[in-house]
Amino acid sequence: MWCDINLAFASEMSILERLLYEDNDIILVKALFNRYKERILILQNQTIPKKTILAIIGAGMMAFCGVLTETSMNVTFPTLMKQFSLSMSVVQWLSTGYLLLVSLTMATSAYIQRRYKIRSIFIFSGVSFIIGSFVCAMAPSFVVLLVGRLIQAIATGYAIPLLFAIILQ
């Protein structure tokens with residue numbers, strides 16, 4: 001019986017401790033809210049300019065197209081192997097080279113963003129993606145197709161970090 005009383009008392013104490021702990025959390029949250037209430041109100045009253053929204057949508061579409069062309073290329077490997085009479089190990093360089101160049105251009109994007117305006121990078125990225133797509137569509141040989149893919153990779157490598165840069169500005 002004594003053991004049951006101790007367990008009941010211990011469970012009541014743990015409930016009280018939890019309530020006190022939760023009350024402290026509520027007080028802490030209220031203090032933080034009061035501290036940042038002015039900042040929250042300022043953010044609520046701000047509107048995002050239409051230019052910024054359009055830039056985010058455009059950069060997002062470029063990044064999406066880059067990722068889409070990267071993933072859809074793997075499906076075309078058998079067709080490309082027959083078309084150009086190449087082995088799988090050679091055709092895989094389309095994806096490997098693409099991903100390597102995307103990662104290299106992403107690594108240099110911070111330097112490029114400091115040196116050039118975001119608008120210039122945006123235009124360069126869009127134009128180079130279109131040029132790369134055109135080169136890929138008209139490719140008479142595997143080497144030309146690979147060059148077109150690498151041009152697309154440069155565009156995608158700058159478009160993805162550009163999207164985050166536009167959002168964070």
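# Burial and packing

User: Is glutamine 152 buried or exposed?

Analyst: This is a predicted model, in which local features need pLDDT of at least 70 and side-chain atom pairs count only at pLDDT 80 or more, while totals for chains, interfaces and linings use all residues. Residues are numbered from 1 along each chain as its sequence is written, and side-chain values use heavy atoms, with hydrogens and water left out. Because buried means under 20% relative accessible area, exposed over 50% and partly exposed in between (1.4 Å probe, protein chains only), glutamine 152, with a relative accessible area of 5%, counts as buried.

User: Which residues does glutamine 152 touch, not counting residues up to four places away in sequence?

Analyst: Glutamine 152 is found in helix α7, where helices (H or I, at least four residues) and strands (E, at least two) are DSSP runs numbered from the N terminus. With contact taken as heavy atoms within 4.5 Å, and residues up to four places away in sequence left out, glutamine 152 touches Thr69, Tyr98, Phe129, Gly132, Ser133 and Cys136.

User: What covers the buried residues of α6?

Analyst: In α6, which spans residues 118-137, the buried residues are Ile118, Ile121, Ser125, Gly126, Ser128, Phe129, Gly132 and Cys136. Their cover includes α2 (50-72), α5 (93-115) and α7 (142-168).

User: Which element gives the largest share of the largest nonpolar core?

Analyst: A nonpolar core is a set of buried Ala, Val, Leu, Ile, Met, Phe, Trp, Tyr and Cys residues joined through side-chain atoms within 4.5 Å. The largest one has 10 residues, namely Met73, Phe77, Leu80, Phe84, Val91, Leu94, Cys136, Ala139, Phe142 and Leu145. Two or more residues of this core come from each of α3 (77-84) and α7, and the largest share, three residues, comes from α3.

User: How many disulfides are there?

Analyst: Cysteine 65 is partly exposed, with a relative accessible area of 30%, whereas cysteine 136, at 16% relative accessibility, counts as buried. With a disulfide taken as a pair of cysteine sulfur atoms within 2.5 Å, the count comes to zero.

User: What is the phi of serine 85, which is not a glycine?

Analyst: Serine 85 sits in the loop between α3 and α4 (88-91), where this residue is exposed, with a relative accessible area of 65%. Most residues other than glycine have a negative phi. Serine 85, although not a glycine, has a positive phi of about 55°.

Technical notes
The expected span of a helix is 1.5 Å times one less than its number of residues.
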